[in-house]
Amino acid sequence: MQLPLDALEARAARSGLAGIPTKVFAQERLSPADGLAMYQSDDVALLGMLAHGVRRRMHGDVAYYNVNIHVNYTNWCNQFCDFCAFQRRPGEDGAYRMSPEQVYDALQSANPEASEVHMVAGVWPALGYDYFLEILRAAKSARPDIHVKAFTMVEIDEIVRLAKKPLPEVLDELREAGLDSMPGGGAEVFSERVRQELYPRKMSAEGWLELAQGIHEYGFKTNCTMLYGMTETLEERVDHLRRLRELQDRTNGFQTYIPLAFHPDNTPALSHLPIPSPSERLRSVAIGRLFLDNVPHVKAYWIMLGIAVAQTALQMGADDLDGTVSQEKVYHDAGAQTPQQMTRGQIHRLIRDSGHVPVERGTLYEVRRDFRDGDPADLDGGPRPDLAQSLTV
Ligand code: SF4
């Protein structure tokens with residue numbers, strides 16, 4: 001921590017955060033009331049300072065990233081979430097479904113240094129259970145060395161329904177076909193009120209948490225997320241985090257928390273909503289780090305945050321920038337102005353300029369390359385990232 005505790009508490013008292021620095025210093029769990037106070041306070045800088053102290057305690061000066069690719073294998077979807085600009089029905093303009101052969105080709109032509117493929121998509125029952133086994137086999141046969149992280153909870157829920165088999169049996173078959181871990185998305189925000197309003201067809205909070213528990217107990221790691229900036233209240237955001245924290249106490253299956261800022265562009269029902277401001281995005285990262293004391297990592301997902309905000313988030317609670325990414329469609333369809341990918345060298349510049357050391361990780365946070373002591377590949381990526389462009393996100 002940069003400031004002594006009494007100075008931090010004096011500042012906290014002026015911004016509705018009294019007692020929180022003391023709890024953070026003592027590594028004491030924050031309450032839902034503390035969570036709400038953090039969302040209501042105007043002192044985002046103080047939250048960032050506290051979260052940075054926690055992040056440094058947990059991870060030192062390391063900032064993680066990975067070299068990954070995205071395969072969004074179909075945008076066919078029957079869930080009709082109001083916030084989603086990615087979904088299409090078959091035959092609609094822009095609708096597509098990749099065949100297993102196309103998934104194979106996408107992996108074969110991908111960056112040979114990629115250690116992970118992130119595969120998520122829409123929900124379309126007519127694809128059939130075997131399709132999912134086939135695209136996993138295609139990915140693994142194209143790149144046997146790659147870690148396949150695939151299927152949000154919503155997709156897994158549908159796959160289990162299509163398989164008509166118990167969850168552990170389905171997970172056995174998916175693992176056999178090539179699945180290595182899951183991204184854990186699809187939670188949105190756990191409020192039943194918001195679900196009824198914006199995504200009534202999507203699985204309930206209880207269904208999501210129960211499925212995540214089953215997946216963790218089976219042995220797969222996942223991440224966890226919160227989509228914020230729609231119509232949820234601050235109390236509903238805190239409740240979402242509380243429920244994630246309680247499940248993590250039981251399973252320890254979440255590796256990373258990823259706060260996801262809602263992008264309203266191209267979503268007709270919600271395009272009147274403002275995009276969460278940079279300050280709100282940084283607050284969400286900091287609160288995630290402070291409140292989710294049992295989740296090891298907090299990710300600044302640069303595709304959604306914007307590059308400039310993601311870099312700043314490394315100093316406000318985040319320890320991971322996600323990856324180089326290529327061909328991401330879900331958030332770019334919703335209006336994200338970020339580039340489709342960054343090079344390793346560009347990511348290194350962002351990390352080094354934020355005062356951290358880049359470490360390339362695998363999906364399960366195994367260290368693949370530590371650039372602390374110099375490496376010929378460090379800063380080899382050509383021009384600096386275009387921060388001005390990303391400021392519009
Ligand atoms: S968010 Fe996912 S489940 Fe909802 S409509 Fe979009 S693709 Fe379908």
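On helix α8, the face turned away from the buried side carries E169 and E176, both exposed. The model is a predicted one, and α8 spans residues 167-177 in it. The buried residues of this helix include V170, L171 and L174. These three lie on the same side of α8, because the arc they cover around the axis is only 100°. The spacing fits a general rule: an α-helix has 3.6 residues a turn, so residues three or four places apart point the same way. Among the elements that cover the buried residues of α8 are α6 (129-142), α7 (153-163) and α10 (205-218). Just after the helix comes G178, whose phi is positive, at about 135°.

A pair of strands comes next. Strand β3, residues 116-119, pairs with β4 in the parallel sense, and four bridges connect the two. One of the positions can be located by its partner: E116 is bridged to H147 in β4. Strand β4 covers residues 147-150, and its side chains alternate in direction. H147 and K149 point one way, while V148 and A150 point the other way. Is β4 buried or exposed on these two sides? All four residues are buried, the charged K149 included.

The ligand has its own shell of residues. Around it stand C77, Q79, F80, C81, C84, F86, Q87, G122, V123, V154 and K202. By class, this shell holds seven nonpolar residues, three polar ones and one charged.

Elsewhere in the chain, four strands form an open sheet in the order β8-β1-β9-β10, and the pairing within it is mixed. Its edges are β8 (320-323) and β10 (367-370), each of which pairs on one side only. From one strand to the next, the twist averages 25°. In general, strands of a sheet pair through backbone hydrogen bonds, either parallel or antiparallel. Strand β1, residues 62-66, runs parallel to β8 and is joined to it by two bridges. Across this pairing, Y64 has D320 of β8 opposite.

Which helix packs on the sheet? It is α16, residues 344-353, which touches β1, β8 and β9. The last of these strands covers residues 357-361, and the direction of α16 makes about 135° with that of β9.

Terms used: Residues are numbered from 1 along each chain as its sequence is written. This is a predicted model: local features need pLDDT of at least 70, side-chain atom pairs count only at pLDDT 80 or more; totals for chains, interfaces and linings use all residues. Two strands pair if DSSP finds at least two bridges between them. Axes are lines fitted to C-alpha atoms, for helices over the stretch in contact, and angles run from 0 to 180 degrees between N-to-C directions. Two residues are in contact if their C-beta atoms, placed from the backbone, lie within 7 Å. A residue is buried if 20 or more other C-beta atoms lie within 10 Å of its own, exposed if 12 or fewer, and partly exposed in between; C-beta atoms are placed from the backbone. The arc is that of the directions from the helix axis to the C-beta atoms. A residue is near a molecule or strand if its C-beta atom, placed from the backbone, lies within 6 Å of it.
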